[in-house]
Amino acid sequence: MQAWGVLAIFIVCPLLGGLPLIDWITVALTGRSLKQKGTGNVSVSAAFYHGGRLAGILAVLSEAAKGIVAVLLARFLFPDAPAWELLALMALVVGRYGMAKGAGTTNVVWGAIAHDPEVAGLVFTIGTIGFTIVRERKLGRLGVLVLFPLITILLRPQQKAVGVVAIALSLLLAWIYQQIPDDLNLPVPQKQGETRTMFRFFRGDGGAVSLSDRLDARVVGEKAATLSVLKRWGYAVPAGWVLLPGDDPEPLIEFLQPSPENPLVVRSTAVGEDSQRATAAGQYASFLNITSNSSLQQAIVRCFNSYDRPSAVEYRRSRNLPEASMAVLIQAQVRGVFSGVAFSRDPVFRHRDEVVIEALPGDATSVVSGQETPEQYRVVVLDGQTTQVEDPPSQTEVPPGLIHDVAILARQLENQNNGIPQDIEWSYDDKQLWVLQSRPISTMLPIWTRKIAAEVIPGTIRPLTWSINRPLTCGVWGEIFTIVLGKAAAVLDFEETATLQYSRAYFNASLLGEIFLRMGLPPESLEFLTRGAKFSKPPLMSTIGQLPGLLRLLRREWNLEQDFERDYSQEFAPNIEKLHETSRESVSDPEELLARIDGILLALKRATYYSILAPLSFALKQALLKVPDADLDYSLMPEVAAARSLNEIAIAARHLLPELETLTPETIFGTLSEIPDGQTVLEQFQQFLSRYGYLSSAATDIATPRWQEDPKPVRKLFVQQIGNIHMAPIESSPQGLKAQVVQARLNLKARVTKVYNQLLAELRWSFVALEQVWLRSGILQESGDIFFLQFSEIRSLIAGTDNGELSEKLPQLIGTRRSQLQQDKKLTAVPYVVYGNAPPAAILNYSWNRPTASQQLRGIGASPGLVEGEAKILRSWQEMPDINRNHILVVPYTDAGWSPLLARAGGLVAEVGGRLSHGAIVAREYGIPAVMDVRDATILLQDGQRLRIDGQLGTVEAIVAHG
């Protein structure tokens, strides 16, 4: 009987919830289906909105009946288990959402009354009182969702199962509320007075709403919603009120009583206006100096009517903005002594760091109207509080202190808006600096950053590398995001998360931030996990709404090691062994080599999944369990294992060699070959190259030669180590359960890194083999040409689908791309952040503001310790200078292939990277202070300078100037 009861509840209740009774009622009364109206929801609010009072009442009765029937069915089947009544409601809600496109709120309300009238009555009473007071719909919903399980647990403490299911039901409803739009967000209906009154009450309208309230941008528009946020953050925003379409303005007009002593301003605040997609500047009407009730009445009407201007309609259509609604914002007018606009970043030279300020005496209209030429200032904000004006105007009226305050304000607003550049209108009334408006500079989006990207795929990048790396990495990231977002991920183009600028990789910080927010996570999540950065708190309801997806991702993380073991034994190990056994040089058929490449790429796609998740999983566990790096053993990481192995061979060689006046590869290797035990050392060195020959100075760049191909730098480094044996690595072993849990993930990361780098090496060697075939046949002219082709072009050449067109222009195409790469390589520095999709070409000849080397430079402290030493600027691993413990290496980036060199230095400064980068790991392994993420360090610092670095605080200081 019990089994049949369970089956009945989980089949009958979802089907009952899925019955579209509301839609049938509305169609019968109005002839219109709710599925084609408004938001497309088939809900009680939609019935009231589109069908009128009768349709709404019948909708309530039909859905109430569903909830009561579901509870009574469960009570009949399980009379002694009241938890099943709430489970039946959950099943009903699932069907309601999945099949009938509704939230199921009415079902749950009446079902709860039938389930436990005492609990329902108490929740209703408290919730109604709270909603009547705050009149904020979201808070009202959240309050009820919290109250229902809380009161259930308090009144029925003996029924633990009921409390648990009540929590689950509330979480389910919270998630559904995040997934579907709400018809209560639509404009108030213009007909049917009873419907209009009821609709406005349940929406939470109280006539006009104040900027002091929490405002929803989907209802009142971005302008008013942003100002309300700024007001809550503590910024000086003039008092203001918002009128929605259909609201009666008379009570507000009577309350405000504008006069010459208390003038008002009437402004538009449309949905989509002042957003990241468009500013709508000048599209809608604004009115200043409103000094009477009649002029306020007229201004409100004219402002509402401006939404339907032909130019405004065309503007929205051309930018694919929604035809939603427009509210009107009424504010106290500031009597400005000085006013103007400020851009937190230069909207013309979009790579520059200055705040651009335009200011004039009087109110803001004189600047915005363009009828007067304002004073313009470029202000560098040095440390958040200190400013420096670049080339100030020769004659000024605006006080310098005010310019300082405006610049600080602009940068603060940018920082509080997740780094999105802001366009700000401000006014100063001789007492207070007021914020009149703050909106994104839409032309400076998206924001492209080298942060993380410069470490993932460093240096200048050739077309073949990018054409493989971008779809591979972005595609796998897309799969991970889709685990959480589900169908909502379909609208996102994950290949837009990365691009090339100046032949260097940039990540789309705007899109990644948006994706993480959609996932219910802080926008800085990736930076937090990879670099230990601070992060903000995401909206609570967003996190709750994405709990099912986050739990799916957590399940993947939980099974990560088990999944890797399976794929390693079934896919990775057999494929790598087969690739080692098959000589690529012996293959002369391009189609066979292409098949080999496709096989490697198939394995690489899965390996990329692990190469992303394993480091993130390790970082997450280390952060949550607070296990210090000193308690972990990094010896399995390829960069550490390679450095240790080469050091051990150097120690063995040193014992065999006499005192040599000159240490060169020729003398060392020649001498070892003549010593009986020297042959063993040479064999060990060859084994080292065989074991770690897949490493390079940039593993993710397949255009970069591997150690196995070009062992000269490794031989030179080996000779240096023989002449100057450095200290042994710091030994550590995980102690305690927490450290062992984190160590397991670190070991997994090490294994994944090895597999990933081995496959990338095999991919490179297969393309090199194909290049040799084409060099012999005359398709290519010189070594390295193949890396200036895109993978699709290589595939087209092999398949012969280009009709000879590509073959004919191949030399010119490769020459052009090679020339562009050489030009980009000559750039002494590239911008760390690029704003917008089309950075101005002038950047190539422009030197933006940077701190001088005499100032203290700051980065990320990645390996603790304080050390002084001589700077060695090293821009390429192949340069290989003589390094010892008296030197501080200053490098653009680090990779596993740099590890033997890094282990010899006394300190490390890198332009990119964080605590988990290769250089940081090696530095901690050998007890070397390291500071990562020091922007432009190889330019600001000079060879031979005396440096002091603090690997704990993340500071670099030049203590003696060069020369």
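These are my notebook entries on three helices that pack together and on one long-span check, all from a predicted model.

**Ground rules.** I count residues from 1 along each chain as its sequence is written. I accept local features at pLDDT of at least 70 and side-chain atom pairs at pLDDT 80 or more, while totals for chains, interfaces and linings use all residues, and side-chain values use heavy atoms, without hydrogens or water.

**α5 and α6.** I looked up helix α5 (residues 83-100) against helix α6 (residues 105-115); helices here are DSSP runs of H or I, at least four residues, numbered from the N terminus. Their axes, 10 Å apart, make an angle of about 165°; axes are lines fitted to C-alpha atoms over the stretch in contact, with angles from 0 to 180 degrees between N-to-C directions. The pair is therefore roughly antiparallel, the word for angles over 145 degrees. On the α5 side I find Glu85, Leu86, Leu89, Leu92, Val93 and Arg96 in contact with α6, where contact means heavy atoms within 4.5 Å.

**α4 and α6.** Helix α4 (residues 53-77) comes within 7 Å of α6, axis to axis, at roughly 45°. I therefore log α4 and α6 as oblique, the class left over once under 35, 65 to 115 and over 145 degrees are taken out. Trp110 and Ala114 are among the α6 residues that meet α4.

**α25.** How far apart are the end C-alpha atoms of α25 (residues 590-625)? I read 51 Å, against an expected 52 Å for 36 residues; the expected span is 1.5 Å times one less than the number of residues. Just after α25, Lys626 has a positive phi of about 55°.

Terms used. Helices (H or I, at least four residues) and strands (E, at least two) are DSSP runs, numbered from the N terminus.
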